[in-house]
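Hi,

Here is the structure I promised to pass along. Have a look at it first, and then read my notes on the side-chain contacts below.

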Amino acid sequence: MTMIAENLKHLRDRITTACLSAGRRPEDVTLLAVSKTFGPQAVRAACAAGQRAFGENYVQEALDKMAALDDLPGIEWHCIGPLQSNKTRPVAESFHWVHTIDRLKIAERLSAQRPAGLPPLNVCIQVNVDAGANKSGVPVAQAFALARAVALLPGLRLRGIMSIPEPAPDFEAACAVHTRARALFDQLNADGLGLDTLSAGMSADLEAAIAAGSTLVRVGAAIFGERAAAG
Ligand SMILES: *Cc1c(COP(=O)(O)O)cnc(C)c1O
């Protein structure tokens with residue numbers, strides 16, 4: 001087994017254990033493998049080990065990787081990095097998901113630029129659940145208006161919300177912040193938005209995120225190794 005295959009197996013065991021101790025079904029939590037800064041061979045190895053969903057932060061890097069891997073069937077590419085308006089077109093054309101919608105203008109561009117022959121682009125609204133120093137994401141109070149507006153765009157399919165909270169000191173604190181994201185997710189669904197994705201939890205806090213109700217965890221280093229530069 002390759003190192004990446006071993007890491008993936010270990011991670012799937014962690015997710016299963018976290019689900020079982022939270023009384024949840026392991027198949028209800030998706031593992032997104034964050035392959036940013038790692039080359040096509042790393043993605044190929046993860047794919048050979050059964051992984052299909054990959055997360056990328058940098059548009060050009062992702063496009064190069066997609067081109068190098070276009071012989072691999074069934075890969076789902078998720079954009080999880082901040083998105084500027086001048087980069088929306090290639091994202092609308094090549095990705096399956098965008099997790100980082102934090103303003104209507106970006107959503108409108110993605111919707112307009114989504115090619116007619118493709119299914120709608122799956123999107124999540126990024127929410128700043130802990131009002132952290134990390135300023136990405138809309139404040140919770142603005143999430144409703146943004147979600148309602150995004151849900152109306154024909155080229156997009158609103159799937160849920162995404163959060164990147166500041167690192168928490170312990171399990172309880174991490175649960176508390178993830179529970180805020182889950183509460184917002186439930187309120188949006190009570191509003192009739194039909195969301196199925198709560199993108200929350202990374203290597204360090206995936207147990208807490210799963211306990212709070214995350215449906216998708218985003219993990220990079222624990223699969224592919226440490227990145228050379230912060231990314
Ligand atoms: C890089 C990144 C991850 C993965 O982080 P790791 O520490 O490598 O597990 C998850 N989510 C987002 C938004 C990221 O940018």
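Let me start with a little cluster of charged residues: Arg25, Glu27 and Asp28 are joined in a network of salt bridges. Before you go further, please keep in mind that this is a predicted model. Within that network, Asp28 pairs with Arg25, and their closest N and O atoms sit 3.1 Å apart. Is Asp28 buried, exposed or something in between? Its relative accessibility is 32%, so Asp28 counts as partly exposed, because that class covers whatever falls between under 20% (buried) and over 50% (exposed).

In total, the structure holds 11 salt bridges. As a general reminder, side chains of opposite charge can pair when their charged atoms come close. Two more of these pairs are worth pulling up on your screen.

The first to look up is Asp191 with Arg148, where the closest N and O atoms are 2.8 Å apart. Which parts of the chain does this pair link? Asp191 is in the loop between α7 (171-190) and β7 (197-199), while Arg148 belongs to helix α6 (residues 140-151), so the salt bridge links distant parts of the chain, 43 residues apart. Both partners are partly exposed: Asp191 has a relative accessibility of 35%, and Arg148 comes in at 43%.

Then there is Asp186, which forms a salt bridge with Arg182, again with a closest N and O distance of 3.1 Å. Here the two partners share a helix: Asp186 and Arg182 both lie in α7, four residues apart, or about one turn of the helix. Asp186 is partly exposed at 37% relative accessibility, and Arg182 is partly exposed too, with a relative accessible area of 24%.

Now for the aromatics. How many aromatic pairs are there? The count comes to two. One of them is Phe54 with Trp77: the ring centres are 5.9 Å apart and the planes are at 40°, so this pair is tilted. Phe54 lies in strand β2 (residues 53-56) and Trp77 in strand β3 (residues 76-79), so the contact ties together parts that are 23 residues apart in sequence. As for accessibility, Phe54 and Trp77 are both buried, whereas Asp191, for one, is partly exposed.

That is what I have for now.

Cheers

How values were computed:
Residues are numbered from 1 along each chain as its sequence is written. This is a predicted model: local features need pLDDT of at least 70, side-chain atom pairs count only at pLDDT 80 or more; totals for chains, interfaces and linings use all residues. Side-chain values use heavy atoms; hydrogens and water are left out. A salt bridge is a side-chain nitrogen of Lys or Arg within 4 Å of a carboxyl oxygen of Asp or Glu. Buried means under 20% relative accessible area, exposed over 50%, partly exposed in between (1.4 Å probe, protein chains only). Helices (H or I, at least four residues) and strands (E, at least two) are DSSP runs, numbered from the N terminus. Rings of Phe, Tyr and Trp (its six-membered ring) pair if their centres lie within 6.5 Å; planes under 30 degrees apart count as stacked, over 60 as edge-to-face and the rest as tilted.
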